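Me: I've got a protein model open on my screen and I'd like to learn how to read it. Can we go through it together?

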Amino acid sequence: MAEIIQQRIEDRIPELEQLERVGLFTKKEVKAMIKKATALEYKLHRRIICKEDFITYIQYEINALELIKKRRTRTGYSFKKDEIEFSIVHRIHNVFKRATGKWKDDVQLWLSHIAFLKKWNTKIKLSKVFSSMLAIHPEKPALWLMAAKWEMEDCGSSESARHLFLRALRFHPDNSKVYQEYFRMELMHAEKLRKQKLQLEQANMDLGEYKFSEEIVSGKLAEVVYRDATQKIPGAQFMLSLLTVARLFDFTQELQQTILQDLQCAHANDPMTWDFLARRELEAGPETGAESVSAQSRAAAAAHREERSCQVYEQAVARLATGVMWTCYVSFCQERFLRKTNNQDLKDKRQERLLSVFQRAHDASLLEEPLYKKWLQVLQSLGRTQAAEEVALAATRSFSRSVETWCASLSVLLELGAAGIGAAFEEALSLLNPKESLPVWRLRVAWSESHQSAEETAALYQKGLLSPVASVSVEVKERFLDWSYRSGGYKQARRAFVSLHESRPFSKEFFSTMIRIEREQEPPRMERLRDCYERALREFGSGDAELWLEYIREELQQPQGRPENCGKLHWRALRSLEGEDVDRFITQYTLLQTGHL
């Protein structure tokens, strides 16, 4: 082992001599580098090696490269890079190879190797690393795409990129992303050839027997990929993704038309098809961005294009009376409604159209649940309180078992101050699953505290306390105790606590609220604080180190506290706590004792 390490250190001598000779490093720095490198080499040759040692070695060498770069910039010396930098790069590459050979499954290590080689533009080494990585991780499509993208964009090799895509499809024949990027690559290749052909024609160069294949230049290879992909992966969404890619290239009008025809034939009953066709009408109008065109004309043109889109949506909802189709229609109208415009007529038309589509979808019982909330938001923003109240009630009738719908509708009714809100709360709690009713209870309690008498609120709290659902009962206890203190003072809060402190289940917040109330009294009664802490520890003492520390702190800081109890509390805490809580408690208690907490 020592001979190998010595050989590796001796291999560094030429570059170190060059660094010292050209003045980038001093003799003292070179000696320090040799000492450090020897220590790192020994770590890599231990009987049991670890990944962190390799990473440390690599990082040290990369830092050395960065330092050399800064020294070159400062001194203005730019020669001898082959003997210095590229020697270090080669060594880092070899260390990466040893690390990836040992930990083949670590994808991040492979990616770090690739990123390093990309930075130093070592294409031959990088190509070999990609090949090795893909041989070990062929199941990861993203790695295939990364390799093909590098071959196409960085190396300019369409043939190598195509070969990688074909190999990727052997392992991932149904992966839409691989097909999509393969399709994009073929179109990029065709565009590249078209540019080359145009440049040669402009230069009037004689190509001899060489000719550009019209089929390849026109994108026929991409069409072959499209045909194969749509046979393997059905669905309008995938076909639309290929169409989106094709629209990025200005020579693919024929291919776009082919995809569009296939889309209409194969997926005529898919809402995504109709949504795309409708939105396409927005782009079909004439150019209106010239300065000579008035704002009024641009608004009229926008209104006309939106009208054509709506005509397509009308055909769609007539043919596909589904909630998804109506959702597409509503989403389109809402997007146009939210677009800013200074033309009041266009703004009014968009508003009228959006409200009309909302209403029609609701009348057809096809308006989906999330859209009711958007409908309510639109009506509230327009100040239509009566309509908003009606929609809120209609939403609860359509989705009477949905907690989200009830909460949104009740929030609107509360904001509008609608009559009969109490009956609405009763109806919600009777229809909803009790295990999901906590958000409604929160709204109802908050409303009762601000709009009902103390007797009615207390009766509501008593009803909530009797709930068989633990989450409801626990939170109502917390709110009841806090409300009792705010509305009736300390004595009423104390009575509430005494009546509930044996009624499980509890939360820590329930006891913390009472502890806070006791602290606010002048002077605090220590025996009652201890009672609260003891009851809280009985419920939560086995897993809450902070609660024990608070109790100890109370004994130390309160005028009526007994510091001599801290030792007993410390002993009890160590017996009650488990696992990591014990270590946490010991650490915090030590800091408390030494005055650092």
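Reply: Sure. Keep in mind that this is a predicted model. Let's start with overall shape: a compact globule of 597 residues would have a radius of gyration near 25 Å, but this protein chain comes out at 37 Å.

Me: And what does the C-alpha trace span along its principal axes?

Reply: About 100 × 80 × 50 Å for the protein chain.

Me: Next, secondary structure. How many helices and strands does the protein chain have?

Reply: Count the two kinds of element separately. You get 30 helices and 0 strands in the protein chain.

Me: What share of the residues counts as buried?

Reply: Here 44% of the 597 residues in the protein chain do. You can also look at the surface itself: the accessible surface is about 32,600 Å², and carbon and sulfur atoms make up 51% of that.

Me: How do I read contacts along the sequence?

Reply: Look at how far apart the partners sit in the chain. Among contacts with a separation of 6 or more, 59% are between residues 24 or more positions apart.

Me: Can we try one residue? Is Leu537 buried or exposed?

Reply: The cut-off for buried is under 20% relative accessible area. Leu537 has 7%, so it's buried. You'll find Leu537 in helix H27, which covers residues 526-540. Setting aside neighbours within four places in sequence, Leu537 touches Leu547, Trp548, Tyr551 and Arg572.

Me: How far is Leu537 from Lys119?

Reply: In sequence, Leu537 and Lys119 are 418 residues apart, and in space their C-alpha atoms are 59 Å apart.

Me: What about Asp53: buried or exposed?

Reply: Use that cut-off again. Asp53 has a relative accessible area of 10%, so it counts as buried. Asp53 belongs to helix H4, residues 51-75, and beyond its neighbours within four places in sequence it contacts Lys43, Leu44 and Arg46.

Me: How do I read the charges?

Reply: Compare the mean positions of the two signs. The protein chain has 89 positive and 84 negative charges, and their mean positions are 5 Å apart.

Me: Last one: how many disulfides are there?

Reply: A disulfide is a covalent bond between the sulfur atoms of two cysteines. A search of the whole structure turns up 0 of them. Take Cys333: the nearest cysteine sulfur belongs to Cys310 and is 4.8 Å away, and Cys333 is in no disulfide. Cys333 is buried, too, with a relative accessible area of 2%. Cys407 also counts as buried, at 14%.

Terms used. Residues are numbered from 1 along each chain as its sequence is written. This is a predicted model: local features need pLDDT of at least 70, side-chain atom pairs count only at pLDDT 80 or more; totals for chains, interfaces and linings use all residues. Side-chain values use heavy atoms; hydrogens and water are left out. Helices (H or I, at least four residues) and strands (E, at least two) are DSSP runs, numbered from the N terminus. The radius of gyration is taken over C-alpha atoms; the globule rule is 2.2 Å times the number of residues to the power 0.38. Buried means under 20% relative accessible area, exposed over 50%, partly exposed in between (1.4 Å probe, protein chains only). Contact means heavy atoms within 4.5 Å. Accessible areas come from the Shrake-Rupley method with a 1.4 Å probe; for residues, only the protein chains shown count as cover. Lys and Arg count as positive and Asp and Glu as negative; His and the chain ends are not counted. The place of a charge is taken as NZ of Lys, CZ of Arg, CG of Asp or CD of Glu. A disulfide is a pair of cysteine sulfur atoms within 2.5 Å.
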